Amino acid sequence: FTSLSSGDLSAIGRKAKHYILDRGVSFEDVLLYKIGFCFHGPYKNRIVIPSFDINGELNYYIARSFDDSYLKYKNPPCSKDVIFNDIYIDWTKPVVLVEGFFDSLKYENSVPILGSTLNMKSKLFMKIVENCKTVYTCLDKDAKDKELKIVKNLLDFGVKVCKIELYDYSDLGEVPDHLLSEYKKRASLITREDYLLQKLDFGG
């Protein structure tokens with residue numbers, strides 16, 4: 001594992017660095033989140049993004065291909081039931097639930113759920129219920145039905161849920177930075193009645 005902040009990268013390492021910069025990752029993000037790259041081993045030629053628990057201990061990592069590899073993600077052989085980079089989250093403030101790490105860079109205090117589902121028995125769900133009064137959700141449009149389920153489960157536990165709409169974009173990664181704050185300001189508070197209406201719209 002070599003940090004992508006290193007000034008001594010091979011040509012393939014520089015290609016990996018350019019890839020994440022194109023994804024909206026700044027050099028400061030590389031340093032803060034300790035983003036690196038593997039030149040050898042089972043994660044060869046993959047960008048590696050580590051996750052740290054509240055005590056600063058490594059609890060997971062994402063190994064992401066940046067080329068046309070048939071396997072986009074090759075993650076560790078362990079449970080995904082973690083709070084990704086819990087160490088960076090301020091649980092006294094509203095959190096934003098997003099799908100992946102690159103999405104989490106769009107909004108402050110964002111938590112990637114590493115997919116589009118959130119199990120009610122997961123560590124993340126339980127921590128939200130115990131600590132958060134307000135949660136924003138912002139998942140890709142193709143995960144609408146799964147997002148509704150997350151909203152319903154949070155409402156059942158008395159959590160205030162606001163939905164950030166993507167409007168003309170299909171996923172958060174496509175949204176230009178200058179629109180992010182406006183989209184969050186326009187986020188709609190979801191009530192149980194809203195949930196039921198949206199569920200009917202999707203045939204539920």
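**Nonpolar cores, an open sheet and a buried aspartate**

In this predicted model, the largest nonpolar core (a set of buried Ala, Val, Leu, Ile, Met, Phe, Trp, Tyr and Cys residues joined through side-chain atoms within 4.5 Å) has 22 residues, and those with the most contacts inside it are Trp91, Leu97, Leu124, Ile128 and Leu154. Two or more residues each are given to this core by strand 5 (95-98), helix 4 (123-131) and helix 5 (144-156), and helix 5 provides the largest share, 4 residues. Helices (H or I, at least four residues) and strands (E, at least two) are DSSP runs, numbered from the N terminus. Leucine 154 is in contact (heavy atoms within 4.5 Å) with Leu97, Phe125, Ile128, Val135, Val159 and Val161, leaving aside its neighbours within four places in sequence. A second, separate core of 20 residues includes Ala16, Tyr19, Ile35 and Tyr60.

Four strands form an open sheet in the order 1-2-3-4 with antiparallel pairing, where two strands pair if DSSP finds at least two bridges between them. Strand 1 (2-3) and strand 4 (58-65) stand at the edges with a single partner strand each, so one side of each is left without a neighbour in the sheet. Strand 2 (residues 36-38) is joined to the antiparallel strand 3 (residues 46-52) by 3 bridges, and phenylalanine 37 stands opposite isoleucine 47 in strand 3.

Aspartate 103, in helix 3 (residues 101-104), is in contact with Val98, Leu172 and Gly173, leaving aside its neighbours within four places in sequence. Aspartate 103 is buried (under 20% relative accessible area, with a 1.4 Å probe and protein chains only) yet has no salt bridge (a side-chain nitrogen of Lys or Arg within 4 Å of a carboxyl oxygen of Asp or Glu); the nearest side chain of opposite charge, arginine 23, is 5.8 Å away. For charge, Lys and Arg count as positive and Asp and Glu as negative, while His and the chain ends are not counted.

Residues are numbered from 1 along each chain as its sequence is written, and side-chain values use heavy atoms, with hydrogens and water left out. Local features need pLDDT of at least 70 and side-chain atom pairs count only at pLDDT 80 or more, whereas totals for chains, interfaces and linings use all residues.

Notes: Buried means under 20% relative accessible area, exposed over 50%, partly exposed in between (1.4 Å probe, protein chains only).
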